[in-house]
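Visitor: I'd like a quick tour of this one, chain by chain. Could you walk me through a few spots?

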Amino acid sequence: MLALFYFFVAVAFAIGIWQVNRLLTYRVIFKEIKDGNKIITFQNDNNPIATEKDNDIQGKFFMIFLVGFYLLMGYCLIFLHDIMLPDAASIEGENYDNLYTITFVLIGIVQFLTQALLYFFAYKYRGIKGRKATFFADSHKLELIWTTIPTVVLAVLILYGLSIWNDVTDLEGDEAILVEVYAKQFSWEARYAGRDNELGRGNVRNIEGANTMGIDMTDENAADDIPVRELHLPVGKKVVFKFRSQDVLHSAYMPHFRAQMNCVPGMVTEFGFTPKYTTEEMRQQEDVILKVASVNEARVANGEEPYEFDYLLLCNKICGPSHYNMQMKIIVESEKDYLTWLNQQKTAKELF
Amino acid sequence: MSAHHHKETFVTKYLFSFDHKMISKQFLVTGMIMGVIGVLMSLLFRLQIAWPEHSFSIIEAFLPERFQSEAGVMKPDIYLALVTIHGTIMVFFVLTAGLSGTFSNLLIPLQIGARDMASGFMNCISYWMFFISSVIMVISLFVQAGPASAGWTIYPPLSALPQAIPGSGTGMTLWLVSMAIFIAQSLIGSLNYIVTILNLRTKGMTMTRLPLTMWALFVTAIIGVVSFPVLFSAALLLIFDRSFGTSFFLSDIFIGGEVLNYQGGSPVLFEHLFWFLGHPEVYIVLLPALGLTSEIISTNSRKPIFGYRAMIGSIMAIAFLSTIVWGHHMFVSGMNPFLGSVFTFTTLLIAIPSAVKAFNYITTLWKGNLQFNPAMLFSIGLVSTFITGGLTGIVLGDSALDINVHDTYFVVAHFHLVMGVSAIYGMYAGIYHWFPKMYGRMMNKTLGYVHFWITAIAAYGVFFPMHFIGLAGLPRRYYTNTNFPLFDDLANVNQVMTVFALIGGAAQIVFLVNFFMSIYKGKVATQNPWRSNTLEWTTPVEHIHGNWPGEIPEVHRWPYDYSKVDENGEYIFGEDYIMQTVPLKAGEQES
């Protein structure tokens, strides 16, 4: 019934619009007849095609809109700056941030220029009766210019982008710490490779009791593996993640490290990075302080506890009703602290 | 066909009409109804995301009680269902069938000078299959456990397992059935469009004299024929996995306390199949809009479209490239990184023809004599959102940069501007421009202006700030962001965006009023109200079977002879437009 109410509101609104519009199309005209008396007539001014006056008004609106749009862009760039992610917290992320900056400056310039031209031309060439438009159908020179320039710029972006992509995705070679991240509806688990730095095989068919990740205990590499519920990483050491999923697609998203990879049931995916700052160091970064301040401003207004910065692993692929609450804390610490923590954890053999 | 007039009944005229003009109106109105549903859904979930778990009477009004956790609050899986169906409806039902179906049907025979489509019967079938698929999609909203909720991309295993999300039960089955029928209708329609354009052009209408609208719709149809069958096969295999126990996309799944009997399949395979359609689909949506605007911008600038051949080249380049870029949706899917490099390369190449198009539109405005009819406003709006949205594509298409913005609100902002808003603008522009051809009456100008300006402000108000919350790392498809203190300072931005969305939604009522009232009360149209060159404006205002009462017109020139002057600087025929049917004057050079 409530739906019916809203429907009637919409209909009433619609009728209102139509009636107001109809009224506005009539112009009142006072005509003087003899003896100084006036008669009032209504003239229907309902011309469905743009007149010179319309062109003038709409052209000016475009100019105003351009100014408004510039203000919006400026506002977002300046005032929404603090809410964005802080500088990368991984070594690999530095390159990412460089490419990001270059790309955004480039597209920013193009955006400002082309929008200006578009709306300015709309304003400048608004139709005037009797003016002749210029018959200008083709110019190979112009077209060559705006085919070549984007091509060159894009070639640079592509080459730079691909070199970074190759670096980031190249996980071979160096001695990295091996960590398995395991996704399921709606939580994360992890497993360190242990002393041998080799992960034992895993398959959902081995899930039983405490062995929630389906580690294959017949694999000799599995015995020293360390299943955990919280991710600790040593600063300055390359970490290679192997991702598995138990049920549906998930995506392991670690925005501060510029890292993301889908977790796919039935296959193992991988990604890697080198943490640059410990959690403590990151909390002291200027843009993190700004970000935390802006978060806490909002939290205080809602009467909530103040927030302290922590690295996070979020799920970033729709995975079910509680997709919005699937997270794991990541703690980056000195290698010494990391080893201390790791040695306190029980191995798979001890656990199962 | 024009020779004999058989008696028409209500059924043959309004229901099972073979006349392309009536079929186009059927597509349009069905598309609009679906559009209302799709937009309304977006407003409901925008309310939830801006004011999480607040009670809203509008949510209470429009959602069945079992979809609410408490009165006026939607459940998390229903949030996802709304997002899913909103995407499906807007992309396929509104912007594919509603846009391409309407204008291909209306304009192809009229602009190439044909009496009707190559097969009126297939055309009729195509519409009715679209209608049936729409009905099934709407029915799926009412099933007990809720409609499909795995995102419009329906990635398995989520879409395959009712244990994973309730909407993957009957809701998903109906989704698949509806889409299978939809794909079939799209194929039938597209084949018809291609055949008609290739075979039924009137005398003198060479391919290089076709209006750009025709080129766009022609190439769109080709992309559709190439890519839609692949989605059909994906849907079919998914149906097998869901119902007959095959393992095309599923493997090693433990859910609800048990291991499922699937082995050896891969969801990544599904992603490939899906995006092999999914990406060209973007251009299936966008190209018709760009085609319509090319025509409208030229007419209303009183100038030829700049770089006609470059525009055709761009359309073909975009179409070709669009079929080899799908992997850019999958940079972090676990696909081989080398493959990612290839897709980065092809994807960024698309920026070149797109840039050419944008520059050509801007140059068309330069030194024009712009007539700001509502259609023209929407066309300029399209160029603006196409640029804004297109530029961020350079970020997302670059595999290295995509890593951190993939599946965040940055993506949502990007595609809503570049294909959502742009294509909707193109559709509106087309409706305002060709309304006189459809209904023989004019739409109200003032309401058109009001509609455009509120929509334009609201669209940027919603989608421009959205980039920034994406850059803050906010993932899309979250029921609420309150579980992450990290995102608490984005709540204000989200609320502002929702307010703009509500304003924008209300502005569409202005359009609906204008549309439906103008059908009955609009000013009667003249034959060529916009003083345009193309053939559809040589037909009489009243619709007749066969379009032209006498002979089919013969074409003597390209469609963009606006403001063409002779050596003395005078208009060649005394007017600032020369219709395609006018033969060249002695000594006149063909443009």
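Guide: Two strands pair if DSSP finds at least two bridges between them. Keep in mind that this is a predicted model.

Visitor: Let's start with β1 and β2 of chain A: which residue of β2(A) is the bridge partner of A:Arg27?
Guide: Strand β1 (residues 26-32) and strand β2 (residues 38-44) of chain A run antiparallel and pair over 7 bridges. They make a hairpin with 5 residues between them, and A:Asp35 in the turn has a positive phi of about 70 degrees. Across the pair, the bridge partner of A:Arg27 is A:Gln43.

Visitor: Now the open sheet of 5 strands in chain A: which strands stand at the edges?
Guide: The sheet has mixed pairing and the order β6-β12-β11-β8-β9. An edge strand has a single partner, so one side of it is left without a neighbour in the sheet. That description fits β6 (231-234) and β9 (259-263) of chain A.

Visitor: By how many degrees are neighbouring strands of this sheet turned against each other on average?
Guide: We're still on the open sheet with the order β6-β12-β11-β8-β9 in chain A. Ignoring direction, the average turn between its neighbouring strands is 20 degrees.

Visitor: And what is the bridge partner of A:Ser251 in β9(A)?
Guide: Strand β8 (residues 250-254) of chain A pairs with β9(A) in the antiparallel sense, over 5 bridges. In that pairing, A:Ser251 is matched with A:Asn262.

Visitor: At what angle to β6(A) does helix α7 of chain A run?
Guide: This helix covers residues 335-344 and lies across β6 and β12 (327-333) of chain A. Relative to β6(A), its angle is about 140 degrees.

Visitor: Over to chain B: are α4(B) and α7(B) roughly parallel or oblique to each other?
Guide: Helix α4 (residues 76-112) and helix α7 (residues 212-244) of chain B have axes 10 Å apart and pack at about 135 degrees. The crossing is left-handed. Angles over 145 degrees count as roughly antiparallel and 65 to 115 as roughly perpendicular. The pair therefore comes out as oblique.

Visitor: How many charged residues does the contact of α4(B) with α7(B) have?
Guide: On the α4(B) side the residues include B:Phe92, B:Thr96 and B:Phe103, while α7(B) brings B:Thr220 and B:Phe228 among others. By class, the contact has 9 nonpolar and 6 polar residues, and the number of charged ones is none: no charged residues.

Visitor: What about α7(B) and α9(B): roughly parallel or roughly perpendicular?
Guide: Helix α9 spans residues 308-322 of chain B, and α7(B) packs against it at about 15 degrees with the axes 10 Å apart. The crossing is right-handed. Angles under 35 degrees count as roughly parallel. So α7(B) and α9(B) are roughly parallel.

Visitor: Is B:Thr220 buried or exposed?
Guide: B:Thr220 sits in helix α7 of chain B. Not counting residues up to four places away in sequence, B:Thr220 touches B:Ser100, B:Ile284, B:Leu287 and B:Pro288. Its relative accessibility is 2%, so B:Thr220 counts as buried.

Visitor: What separation is there between the C-alpha atoms of B:Ile284 and B:Met419?
Guide: B:Ile284 belongs to helix α8 (residues 267-301) of chain B and counts as buried at 3% relative accessibility. Beyond its neighbours within four places in sequence, its contacts include B:Thr96, B:Thr220 and B:Phe228. B:Met419 is 135 residues away along the chain, and the C-alpha separation is 9.8 Å.

Key: Residues are numbered from 1 along each chain as its sequence is written. Chains are lettered from A and ligands numbered from 1 in the order in which they are written. This is a predicted model: local features need pLDDT of at least 70, side-chain atom pairs count only at pLDDT 80 or more; totals for chains, interfaces and linings use all residues. Side-chain values use heavy atoms; hydrogens and water are left out. Helices (H or I, at least four residues) and strands (E, at least two) are DSSP runs, numbered from the N terminus. Buried means under 20% relative accessible area, exposed over 50%, partly exposed in between (1.4 Å probe, protein chains only). Contact means heavy atoms within 4.5 Å. Axes are lines fitted to C-alpha atoms, for helices over the stretch in contact, and angles run from 0 to 180 degrees between N-to-C directions. A crossing is left-handed if the near helix is turned anticlockwise from the far one by less than a right angle, and right-handed if clockwise. Ala, Val, Leu, Ile, Met, Phe, Trp, Tyr, Cys and Pro count as nonpolar, Asp, Glu, Lys and Arg as charged, and the others, Gly among them, as polar.
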